[in-house]
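Hi,

Here's the structure I said I'd pass along. Have a look at it first, and then read on for my notes on the salt bridges, a surface patch and one of the helices.

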Amino acid sequence: MYQALVTYLLEPMMRWCMVLFDRLCFRAHHWHGNLDEVKGPVVLVANHFSWWDGLWVMLYLRQSPWQLAVPMLQHQLDKRPFLRWWGAMPLKKGRSLPGQVAHCLDACSQPHQLLLLFPQGQIASMHAPELVFEKGLLGKLLQQGASCVFLYQSVEYGHRPRPEVHHFLRPASAKLVVEDAEAQYRQFVAECCQQLAQRMAQNMERL
């Protein structure tokens, strides 16, 4: 009975509230790239600068065949249990890394399932001079054959009251190893920022 209530009433209500809240806070979303050519298991490697990060991906995927899984530390998920409805999965701090890897691989091993991973490990400013990965979990997932897709999300404030959000997707190179992942992601972010700078310059010319 409770599970049916969550599935058919509470979860759709929460999704609707998040969509409404998102539209109140942000003017538009621009997705650059897609997941059409990607095959699982897939790890979506993203920057982490706000609590919106995972929700944006969830909202983007809600009308697609992709199913999302997001690993979170148990104590963090206990504070926000509603996130379980949208794919959050608990990881216990201190649990053996092989167990965590197996748990994550299982979550993204089926067709049209992907694992959203924030290798920074914690929220950091999107204007931070350097983006540093915690390599343990990501490295083991790559060693086990998971494909990697880079996601960079950034907010463009411009001259309007509500900002716009840009989401860039790009598959990483084949047979990516963790030693190269951080450098490749930094290069990807630099290219995304260059595109955003060009867009802002064009917008300024129109004013």
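E182 and R186 sit four residues apart in helix 6, about one turn of the helix. Their side chains form a salt bridge, with the closest N and O atoms 2.9 Å apart. A quick reminder on the geometry: an α-helix has 3.6 residues a turn, so residues three or four places apart point the same way. The two partners differ in exposure: E182 is buried, because its relative accessible area of 13% falls under the 20% cut-off, while R186 is partly exposed at 32%. Bear in mind that this is a predicted model.

There is a network too: salt bridges with shared partners join R27, E156, E164 and R199. Within that group, E156 and R199 pair up, their closest N and O atoms being 2.9 Å apart. This one links distant parts of the chain, since E156 belongs to strand 6 (residues 147-156) and R199 to helix 6 (residues 178-206), 43 residues apart. E156 is buried, with a relative accessible area of 11%, whereas R199 comes out as partly exposed at 26%.

Helix 6 also has a bridge to strand 7 (residues 164-171): E191 is in the helix and R170 in the strand, so the pair ties together parts 21 residues apart in sequence. The N to O distance for E191 and R170 is 2.7 Å. Here E191 is partly exposed, at 25% relative accessibility, and R170 is partly exposed as well, with 32%. In total, the count comes to five salt bridges.

Now for the surface. Which residues form a nonpolar patch there? They are W16, L20, F21, L24 and W51, and together they have about 580 Å² of accessible area. One of them, L24, is found in helix 1 (residues 2-25). L24 counts as exposed because its relative accessible area is 59%, and the cut-off for that label is over 50%.

Last, helix 5 (residues 136-143). Buried residues in this helix are L137, L138, G139, L141 and L142. Just after helix 5 comes G145, which takes a positive phi of about 95 degrees.

If you only have a minute, I'd start with the network of R27, E156, E164 and R199, then turn to the patch that includes W16 and W51.

Cheers

Terms used. Residues are numbered from 1 along each chain as its sequence is written. This is a predicted model: local features need pLDDT of at least 70, side-chain atom pairs count only at pLDDT 80 or more; totals for chains, interfaces and linings use all residues. Side-chain values use heavy atoms; hydrogens and water are left out. Patches are made of residues with over 30% relative accessible area and no salt bridge: like charges are joined within 9 Å, nonpolar side chains (Val, Leu, Ile, Met, Phe, Trp, Tyr) within 5 Å. Accessible areas come from the Shrake-Rupley method with a 1.4 Å probe; for residues, only the protein chains shown count as cover. A salt bridge is a side-chain nitrogen of Lys or Arg within 4 Å of a carboxyl oxygen of Asp or Glu. Helices (H or I, at least four residues) and strands (E, at least two) are DSSP runs, numbered from the N terminus. Buried means under 20% relative accessible area, exposed over 50%, partly exposed in between (1.4 Å probe, protein chains only).
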